[in-house]
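Student: Before we look at this model together, could you show me how each descriptive term is justified by a value and its cut-off?

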Amino acid sequence: QESLSPQLQGKHAQTLHTPYHKTCACVTARAFSPPPRLSHSCLDKPFGGARRAHLEHKKKEYLSLPAFLPSTARPAAGLSREKLARQLPHDAVTPAHAYARLRPPMCPPSVHVSSHQVVVIGGGVAGLTAVKVCQDHGIDAHAFERDTALGGVWNYTYKNVRLQQHKDDFRLSGTEWPAGVADFPDAKAVEEYIAKFVCEHNLAPKVTRGVSVISCVFDQLMGKWAIKLSDGQEARAEHLVVATGSLGKPKKSDAADMFATFAGEVIHSSEYYDGAAFHGKRVLVVGAGSSGIEIAVDLARAADTTVLSVRSDVDWVFPRHGAFGRSLRLCGGGGSAPLWLRNLAARLTFGLKFGDLDKYGLKPSGAPLDRRIVVSDEFYPLVAHGAIGVQRGGVQSVKGNVVTFADGARRAFDVAVLCTGYDVATHSSSHPYLNTHLEPKTKLDFYMGCFLPSVPKCAFVGGCFGFAAVPRIAELQSKAVVNVIAGVSALPSPNAQHAHIQKVLGYHVQKGNTNVYTANGYYRELMQAAGEMRSASLVDASVPLKAGALAAAAAFFATRASAAAAADQRALAKPLAVAAAALAGLGVLADAVGRSRGRSPARVSPVHPAYTSPTGGATGVREIGLHPSDSVLSMNSGGASSCSPSDSSNTSPRSSKVVMVKDETVTKQGADLAANRFKTAKGDVMDAYDAWADAYEHDSLQKLGFASPKACVDTFLEFCPPEGKDVLDVGAGTGLLAQMIRTRGFRARTFDGMDLSPKMLTHLVAKGIYTNAHAHDMMQYPWPLPSNTYDGLMCNGVLIYVDDPNCLDEFVRVMKPGGICVIMFRHDGYPQYREKDEALRAAGKWELVHKTPDSRNFDNLAFGDNTEDDVIFNQWVYRVLEHSPAAAPAPVPAVCA
């Protein structure tokens, strides 16, 4: 109603305040004629059938009117009950329904749109890893998981499943396996390990569960992804990460059609849980992949008969332990051994463990590591003892409960378990939410296994096949994605990506697949993209150098050992020795340089300090806390967006109630500061923050839930994008704000920082982002900075410790005319600055251009009913208007220059 002219307010105020029209507050936005006042009794009465005669004609006539036609050009608004009845849609029940159906929608349904830097699809191992890696580098990532539990496929495994990889290969980023866990843990141990990972890194708040992603469309104009969710809500993201796993829905094969008439029970391997349910039954397992082998072994302990039907070539079934009882580590890890040498070692392992596989009738063709990974210690022994029967050639026909095989054998069964596989992530059908970007029914080939050249700002994480562990590959892929997002590395052109893809497909491992990381050479390329290796090419070059050194050494010893060698041959011994030493040295050097640490963005919180509770007991990690990437929580404060000082500033005396920290893992220094609402005595500030410096980012962001850093960065990027500009961070602390800006892909020309605490600035300098860092008291004037220097300035939180409002003069002095200052004021701090701020505006020194809504700063501080103690803040955006006279700053040494 406030948007109406005074005449309209008087004329239609009563109409607009009827209960029906209260929900249509934007009725005037489309310049409709005012609708009639209809009583509730009229709206709720159904119409008789006689009034529907002219339904379609009247409806088309009404709907043909332009929705935005001025009210003077529209028909008179005298829509009586009878006229509404003649225009009633077929499926309407009352005039209210008719009116709602015929009028264009005036207030669209409320749809919440969340905004993130990165949206991750999937809350399994890969999705959680992607969120964690983004979180490590201050990138705002949020995941959507269709299930109500985290962990993905590990929530649906059968009872006796065990890891196929060694636990040291299956390691989640930054989380250790609990002590005493077996080398190949069972499903329960893996579930507990994933829960430990989620808890330690506080990932649960970063995942919305029970919500599916319906569609993802990239807006080329805005450069963002629009994501629609199953709950009717939407999300926006600069980058999309698909982490739905390597396998999708159970695959429907010809076996399912063949067994449609089977008289017994038919299940897919995805429905299998425990062999005890099949005790005493005759069971046929169709398919000899990983699931088929493991289910057949499980059934052999309970079923009366277990037969495995193998249609095509069999796989190598690896043992978990070698011939001498040692656990096998078969996964690629970027080592130096070429694939042919690892295949040779695998063949020797089989020979020592099982002998000749011909005796089982199951000798595979091809090299062991060039195929799928299938693992079982018991399969070959159970086949040898007859506990598992094997039928080669597949099923020919099914009639009743009798199955005829390709060799003519006929057997009766009670149950058929179809282990016919799943849709895979490398096919477009596995990603229906991307159907606007993917060609239907096509195989997907990825650059580095995670980027599609044709889909912008999108990555696929966790798609992993072959002899490699998903958690480790997901971590490397996530780091590669973060490097691209943060601008540390750039993707090559689409043509160059396609050329690399064709090279990888030429390896022919698993028939050519860009997501097979079995070969160490390809694995090393991913390590380089992730920043864990400086140069995969140097490491590649070291392999033939080392091989050459070995060959030269062998020739040297052969020459020396042969007494009958001719003199000219013996003369070669010395050159051979020199060559062997030189090649070995070059190989070791190339390997060492290539494996040195590559480029990657700095971590926001690299240290998780240990904490002992005041009582001395162990503390549990709780799923509480906000990262700097979390959204700021709006307080819905009426006119908070107004550009005038808020009248809701809290000036009442503090309550005597104690402020409690929800998360007990906060360090003592952080807990003490938080309990005082960060209103430390001015004389103690430097010592307090020096003591807290090492744990500052861990406590304030992950545990206390500071919201203002992200709000400050969001506001600064909106009003002062830093590319090519000179920026000053006042109260810079550990350099968190610049780190967050850098991870979003922005780089200032110069980025200077100033803070009271030298220890905090030590962490700032270590990030390598700031040009100059100054340890200086803000109340010592002038600041050690020249006048008219900076295009942008950020000041987040530090003013609560500054008693002198005249420091605002220094803000103006160091800024260029037209420069933007983003300053965070707490409600309990602004009143002492109000008079100075208004004076600067009145003098034309700066102007207020924006003020963010009221927001809570500490999500994990509990105030109980004492809301006066809650810390509310706004980000104030000022534009400097005047050119300041030069000032000679006091000679204060910089921490770095």
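Student: Why does Asp 370 count as partly exposed?

Tutor: This is a predicted model, and in it Asp 370 has a relative accessibility of 27%. Buried requires under 20% and exposed requires over 50%, so Asp 370, at 27%, counts as partly exposed.

Student: Where is Asp 370 found, and how far apart in space are Asp 370 and Gly 466?

Tutor: Asp 370 is found in the loop between helix 11 (339-354) and strand 12 (374-375). From C-alpha to C-alpha, Asp 370 and Gly 466 are 7.8 Å apart, although 96 residues separate them in sequence.

Student: What makes helix 22 oblique to helix 23?

Tutor: The axes of helix 22 (residues 708-719) and helix 23 (residues 736-743) cross at roughly 55° and come within 10 Å. Roughly parallel would need an angle under 35 degrees, and roughly perpendicular begins at 65, so helix 22 is oblique to helix 23. The crossing is right-handed.

Student: Which residues meet there, and what are their classes?

Tutor: From helix 22 come Pro 709, Lys 710, Cys 712, Val 713, Phe 716 and Leu 717, and they meet Leu 736, Leu 737, Met 740 and Ile 741 of helix 23. By class, this contact has nine nonpolar residues, one charged residue and no polar ones.

Student: Why is helix 7 called oblique to helix 13?

Tutor: The axes of helix 7 (residues 125-136) and helix 13 (residues 470-485) come within 9 Å and cross at roughly 40°. Because angles count as roughly parallel under 35 degrees and as roughly perpendicular from 65 to 115, helix 7 is oblique to helix 13. Here too the crossing is right-handed, and the contact has nine nonpolar, two polar and two charged residues.

Student: How do you know that the aromatic pair of Tyr 830 and Trp 876 is stacked?

Tutor: Their ring centres are 4.5 Å apart and their planes differ by 10°. Rings pair if their centres lie within 6.5 Å, and planes under 30 degrees apart count as stacked, so the pair of Tyr 830 and Trp 876 is called stacked.

Student: What does this pair tie together, and are its residues buried or exposed?

Tutor: Tyr 830 lies in the loop between strand 25 (815-826) and helix 26 (831-842), whereas Trp 876 lies in strand 29 (residues 872-880), so the pair ties together parts that are 46 residues apart in sequence. Both Tyr 830 and Trp 876 are buried.

Conventions
Residues are numbered from 1 along each chain as its sequence is written. This is a predicted model: local features need pLDDT of at least 70, side-chain atom pairs count only at pLDDT 80 or more; totals for chains, interfaces and linings use all residues. Side-chain values use heavy atoms; hydrogens and water are left out. Axes are lines fitted to C-alpha atoms, for helices over the stretch in contact, and angles run from 0 to 180 degrees between N-to-C directions. Helices (H or I, at least four residues) and strands (E, at least two) are DSSP runs, numbered from the N terminus. Angles under 35 degrees count as roughly parallel, over 145 as roughly antiparallel, 65 to 115 as roughly perpendicular and the rest as oblique. A crossing is left-handed if the near helix is turned anticlockwise from the far one by less than a right angle, and right-handed if clockwise. Contact means heavy atoms within 4.5 Å. Ala, Val, Leu, Ile, Met, Phe, Trp, Tyr, Cys and Pro count as nonpolar, Asp, Glu, Lys and Arg as charged, and the others, Gly among them, as polar. Rings of Phe, Tyr and Trp (its six-membered ring) pair if their centres lie within 6.5 Å; planes under 30 degrees apart count as stacked, over 60 as edge-to-face and the rest as tilted. Buried means under 20% relative accessible area, exposed over 50%, partly exposed in between (1.4 Å probe, protein chains only).
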